[in-house]
2 protein chains.
Amino acid sequence: MTQVFVNIGLSLDGCMAPEGMALEHWQTPGYRNWGAKWGALMGWILRQQYFRENLKLGPGGETGPLNDMLRNTVERTGASIMGKRMFEQGEISWPEEAPFHTPVYVLTHQKREPWVRPGGTTFYFVNDGLESALEQARQSAGSRDIRIAGGADAIQQYLNLGVIDELEIALAPVLFGGGRRLFENLREPAPKFRIDKVFDSPTATHLRYVRD
Amino acid sequence: MTQVFVNIGLSLDGCMAPEGMALEHWQTPGYRNWGAKWGALMGWILRQQYFRENLKLGPGGETGPLNDMLRNTVERTGASIMGKRMFEQGEISWPEEAPFHTPVYVLTHQKREPWVRPGGTTFYFVNDGLESALEQARQSAGSRDIRIAGGADAIQQYLNLGVIDELEIALAPVLFGGGRRLFENLREPAPKFRIDKVFDSPTATHLRYVRD
């Protein structure tokens, strides 16, 4: 059965992105040191062979359990949902062949025709809310899973809808000292999860929670 | 050499205590559901034999690696430092034989004579700041370690002083939806830690970070 899942990197102080990491500072990673902080969060992923291949970052890279984990995350995904800000940052960062290879539903007020990329990714711009995006993703995903890709806002809204089945968090040992927190604006009662699996590595602790 | 360490329970959304958990609601754990949330955070610890014995909660309890971990935390501690609010909550909650059995330095503006409890705990009320409390704790601790016991404010201030050598966090799979966040008000550049050890249990993920 299709699972709705989140798979993200998180700083030890609970942020998905450091302060200063925004479109207007994209070319100045020294601004509030956002580039170095982002690197500390994502360093392990940037070194994996599958990630490098998928993002066209060049040959080589580590193979092993973390690489398998990344591949599995992409392969299980039949559709993704993301917020507008994440899309806008990706639009200027992803290679032409965007790294999804499936439909991606973008939550936005902007009206825009579907944007078809080489390699199987099509971005659909959804103007009529969370449930609609989820329903469309469900239609596309078939027997595969739906990833709520981010950012924090989008994940919070789907947590509040109570539809997240699995939370996969790569907790990196870096303190951002501020930024976009993952867990905020949660409605009461908050959704309940239990620990499913923990995979320990020197660069991040991979925590997997499933709905209880 | 004496290490300065933190050992706390943390909710998945990064809180040490849920909203509503305050002295004025101590007798009404139903207030904002703080009692149930606190229970979800601390359930595993309340079931351990050593904790039960130390807090005079009655006989029995689990023995095993978590119990050993708790005993080790108490036995390695030569002195503790805590904030005023934590002390005030403890003052009405701890048994007469307070569970520290060492000097405890309380950061406060209140002037008060040392409070000697049976069983070896003496509370000293420190009015002249963080460094002074740390220096006094160092004198008392001898070759043992110094625990910054909490709450969140006190830990944040010592993180900002750059003196925390080890961060031990029992990350419980509960979302508080609000409360006292551990990681807030951090100064730039934030202190750097690396992952030292992860101990995985069904009820909490025990993360140990050491200063990098």
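**Exercise 1. The sheet of chain A**

In what order do the nine strands of the open sheet in chain A stand?

Solution. The model is a predicted one.

Step 1. Reading across the sheet of chain A, the order is β5-β6-β4-β3-β7-β1-β8-β11-β10, with mixed pairing.

Step 2. The ends of this order are β5 (115–116) and β10 (193–200) of chain A; each has a single partner strand, so one side of each is left without a neighbour in the sheet.

Step 3. Helix α4 (residues 84–91) of chain A packs on this sheet and touches β3 (77–83), β4 (103–107), β5, β6 (122–126) and β7 of chain A. The direction of α4 makes about 105° with that of β3(A).

Step 4. Inside the sheet, strand β1 (residues 4–11) and strand β7 (residues 145–150) of chain A pair in the parallel sense over two bridges. A:F5 has A:R147 in β7(A) as its bridge partner.

**Exercise 2. The sheet of chain B**

State which strands are at the edges of the sheet in chain B, and describe how β3 and β7 of chain B are joined.

Solution.

Step 1. In chain B, nine strands form an open, mixed sheet in the order β5-β6-β4-β3-β7-β1-β8-β11-β10. Its edge strands are β5 (115–116) and β10 (193–200) of chain B, each pairing on one side only.

Step 2. Strand β3 (residues 77–83) and strand β7 (residues 145–150) of chain B run parallel and are joined by five bridges. B:M82 has its bridge partner, B:G150, in β7(B).

Step 3. Helix α5 (residues 130–141) of chain B lies across β1, β3, β4 (103–107), β6 (122–126) and β7 of chain B, at about 160° to β3(B).

**Exercise 3. Relating the two chains**

By what turn and shift can chain A be laid on chain B?

Solution.

Step 1. A turn of 180° with a shift of 0.0 Å along the axis lays chain A on chain B with an RMSD of 0.0 Å. This is the relation of a two-fold axis.

Step 2. In chain A, the C-alpha nearest the axis belongs to A:G14, at 3.4 Å from it.

Step 3. Both copies use the same surface: 100% of the contact residues of chain A recur in chain B.

**Exercise 4. The cavity**

Describe the largest cavity and its lining.

Solution.

Step 1. The structure holds one cavity of 30 Å³ or more. The volume of the largest cavity is about 220 Å³.

Step 2. It is lined by 21 residues, and the closest to its centre are A:L12, A:G14, B:L10, B:L12 and B:G14.

Step 3. β1 and β8 (166–172) of chain A, and β1 (4–11) and β8 (166–172) of chain B, each supply at least two lining residues.

Step 4. By type, the lining has 13 nonpolar, four polar and four charged residues.

Terms used: Residues numbered from 1 in each chain as written. Chains lettered and ligands numbered in written order. Predicted model: local features only at pLDDT ≥ 70, side-chain atom pairs only at ≥ 80, totals over all residues. Heavy atoms only, no water. Pairing = 2+ DSSP bridges. Helix = DSSP H or I, 4+ residues; strand = E, 2+ residues; numbered from the N terminus. Contact = heavy atoms within 4.5 Å. Axes fitted to C-alpha atoms, helices over the stretch in contact; angles between N-to-C directions. 1 Å grid on protein atoms, 1.4 Å probe; cavity = no way out; pocket = protein on both sides within 12 Å on 5 of 7 lines; lining within 4 Å. Points joined across faces, edges and corners; volume = space filled by probe spheres on them. Nonpolar A, V, L, I, M, F, W, Y, C, P; charged D, E, K, R; others polar. Least-squares fit on C-alpha atoms with pLDDT ≥ 70 in both.
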